[in-house]
Amino acid sequence: MSAAATPGTPAGALSTAPDAAEAAARAHALFTESFGYEPDGVWSAPGRVNIIGEHVDYQDGLCLPMAISHRCFAAAARTPTDRVRLRSAQDEQVLDIDARELAPGAVTGWPAYVAGVLWALGPHISGATTRGMDILIDGQVPLGAGLSSSAALECAAAEAIEALLSLGTTPLQRVQAAIRAETDFAGASTGGLDQAASVLSRSGHALLLDCRDFSTEPVPWDLAGQGLALLITDTRAEHSHVDGEYAARRADTERAAELLDVPTLREVDPADLEAQLARIEDETVRRRARHVVTEIQRVREVDALLASGSVREHVTALGELLNASHDSLRDDFEVTVPQLDLAVDAARAAGAHGARMTGGGFGGSIIALVEAEQAEPVAAAIAAAFAEQGLTAPGSFLALPSEGAGQDR
Ligand code: GLA
């Protein structure tokens, strides 16, 4: 993406992910080259963007993510042993470990997200089953862009392990195993949004996710058929203190729920919000609570709009809700950084119906809801704003609503 891109260039000029069938064939070939024999199959899982419903999953909220076309591929084969060998096309680090020795802290780096899934699926594996396997990972989800490359890795691994060991787990059980791999094994915090989106999303749809019980409903989100597009721009802002800040925000929301005497902020009635907020003395905690309660309400409003008509029919109102979500994350939840705000402001000024940061924040990506023919000029306007401030050039592409995790070959 260059700042000099011609205004009016169709959205098709923006890059999308490599073809999935070709990528799966590549993972197959890389496995064969690396391990010296053919894999039993290739499985994959996508990254995600969250359309709205940010920083609410760990408060039992509602989210509306969609899978993107960038996926993580796992070519794998079962072996008649208990040894697990993991390799990656992107990283030198390898793992060769006895599956019975897997325990939190025993594995570090990217292999922890794969080994952690095998560990978390343990209760579904009978004692007599050998757990040996070889897995080659080929990840396409941009790293550090806030697009859930780690969830894609975990969920691709979960699909492969499920199939290799014939476990009979449900998709939701695989979501739960992926969440445990991240929180309990790799030691990174997550509210489950990313893993649910990666496994449960349906092509052409967004996914309404109720984090109370992880029930889901596909919501039609066929933007291309309506002359619209969802532009993703990776700001390439350096992530710093992400884990600490994420944990601090979570703690603030837990404190708010405690002060309001509710199990989670999902229980707060938005109609009674002001009265409830008045009960919280700490100004910061009050703002955190306001974000969560108003954000859950915005998801309800988006869902109601999409239930009563197409994105096209409600595009202005939907754009306003995306804008309000970003402003709340910036002012009340304080998880944006200057690059996220700059990209959002530039997208809005260039004619986006709405724009917001997506994911955990503190760097990462924004999404902008745009007319299809505006995707390229909006991307160019964001790039120009970054260039003007001497910032690292951002990267833009289109978010096509894709299918969740599954087998590719
Ligand atoms: C990260 C976490 C998710 C969610 C989002 C914010 O992506 O992994 O669980 O909390 O931040 O919505």
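In the predicted model, Phe214 adopts a positive phi near 60 degrees within the hairpin formed by β6 and β7, whose strands are separated by four residues. Strand β6 comprises residues 205-210 and strand β7 residues 215-220. The two strands run antiparallel and are joined by six bridges. Across this pairing, Leu209 is positioned opposite Thr216 of β7.

The ligand was examined next. The space that the ligand takes is the largest pocket of the model. Thirteen residues, written here as a shell of 13, surround the ligand. Those that come nearest are Glu54, His55, Asp57, Asp194 and Tyr246. Classified by residue type, the shell consists of six polar, four charged and three nonpolar residues.

Polar atoms of both the backbone and the side chains approach oxygen atoms of the ligand. From the backbone, an N or O atom of His55 is placed 2.7 Å from a ligand oxygen atom. A polar backbone atom of Gly191 likewise lies 2.7 Å from an oxygen atom of the ligand. Asp194, one of the residues that come nearest to the ligand, contributes a polar side-chain atom at 2.6 Å from a ligand oxygen atom. The ligand taken alone exposes 310 Å², of which 93% is buried by the protein.

Conventions: Residues numbered from 1 in each chain as written. Predicted model: local features only at pLDDT ≥ 70, side-chain atom pairs only at ≥ 80, totals over all residues. Heavy atoms only, no water. Near = heavy atom within 4 Å. Polar contact = N/O pair within 3.5 Å; in protein donor to acceptor, adjacent residues only side chain to side chain. Areas by Shrake-Rupley, 256 points an atom, 1.4 Å probe, with all protein chains shown as cover. 1 Å grid on protein atoms, 1.4 Å probe; cavity = no way out; pocket = protein on both sides within 12 Å on 5 of 7 lines; lining within 4 Å. Sits in = over half its atoms within 2 Å of the grid points. Nonpolar A, V, L, I, M, F, W, Y, C, P; charged D, E, K, R; others polar. Pairing = 2+ DSSP bridges.
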